[in-house]
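Hi everyone, thanks for making time for this. I'd like to walk you through one model this morning, so please have a look at the screen.

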Amino acid sequence: MSPEPQKNNPLHGLTLEMILTRLVERFGWEDLAKAIPVKCFSNDPSIASSLKFQLKTPWARQKVEHFYLFALRKNLLD
């Protein structure tokens, strides 16, 4: 039996890179660092370095995903 589609999961089908890129495009690194205070957003930030940190650090990834969901709920993302 195949798994049911995740119709109600707004993260389904999105990679961490896609989420992070969308957040950076909308908020910029400075505001993202204020919302999620991790060093990889405030100290010489880049998508590559942020992805590397978040893939090794589950709590950081969770914070980014939660902020993305918050921004979706508040209609802050296009």
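Let me begin with a definition: when I say exposed, I am talking about over 50% relative accessible area, while buried stands for under 20%, with partly exposed in between. Please also keep in mind that this is a predicted model.

With that in hand, let's go to α4. The face of this helix turned away from its buried side carries two exposed residues, Pro-58 and Arg-73. And which residues of α4 are buried? They are Ala-60, Val-64, Glu-65, Phe-67, Tyr-68 and Ala-71. These residues sit on the same side of α4, because the arc they cover around the axis is only 160°. As for what covers the buried residues of α4, that includes α1, which runs over 16-35, α2, which is 39-42, and α3.

Here is a little check on the geometry of α4. The helix has 16 residues, and at 1.5 Å a residue they should span 22 Å; the end C-alpha atoms are 22 Å apart, so the two values agree. Just after α4 we come to Asn-75, which takes a positive phi of about 55°.

Now let's step back along the chain to Thr-57. This residue lies in the loop between α3, residues 47-56, and α4, residues 58-73. Is Thr-57 buried or exposed? Its relative accessibility is 13%, and because buried means under 20%, Thr-57 counts as buried. The side chain of Thr-57 also reaches back to the backbone oxygen of Phe-53, at 2.8 Å.

That brings us to α3 itself. Its buried residues are Ser-50, Leu-51 and Gln-54. They cover an arc of only 100° around the axis, which puts them on the same side of α3. If you turn to the other side of α3, you find Ala-48, Lys-52 and Lys-56 exposed. The cover over the buried residues of α3 includes α1, α2 and α4. So α3 is part of what covers the buried residues of α4, and α4 is part of what covers those of α3.

Last topic: charges. How many salt bridges are there? The count comes to three. Let me take α4 while we still have it in mind. There, the side chains of Arg-61 and Glu-65 meet in a salt bridge, 3.0 Å from N to O. The two are four residues apart in helix α4, so about one helical turn separates them. Glu-65, you may remember, is among the buried residues of α4, whereas Arg-61, at 29% relative accessibility, counts as partly exposed.

The remaining salt bridges belong together: by sharing partners, they join Glu-30, Asp-31 and Lys-34 into one network. Glu-30 pairs with Lys-34, with the closest N and O atoms 3.6 Å apart. Because Glu-30 and Lys-34 are four residues apart in helix α1, about one helical turn separates them. Asp-31 also meets Lys-34 in a salt bridge, at 4.0 Å from N to O, and these two are three residues apart in α1, again about one turn of the helix.

How does accessibility look in that network? Glu-30 and Lys-34 are both exposed, with Lys-34 at 60% relative accessibility. Asp-31, at 40%, counts as partly exposed.

That's my tour, and thanks for listening!

Technical notes: Residues numbered from 1 in each chain as written. Predicted model: local features only at pLDDT ≥ 70, side-chain atom pairs only at ≥ 80, totals over all residues. Heavy atoms only, no water. Buried < 20%, exposed > 50% of the residue type's maximum accessible area, 1.4 Å probe, protein only. Polar contact = N/O pair within 3.5 Å; in protein donor to acceptor, adjacent residues only side chain to side chain. Expected span 1.5 Å × (residues − 1). Arc of directions from axis to C-beta. Contact = heavy atoms within 4.5 Å.
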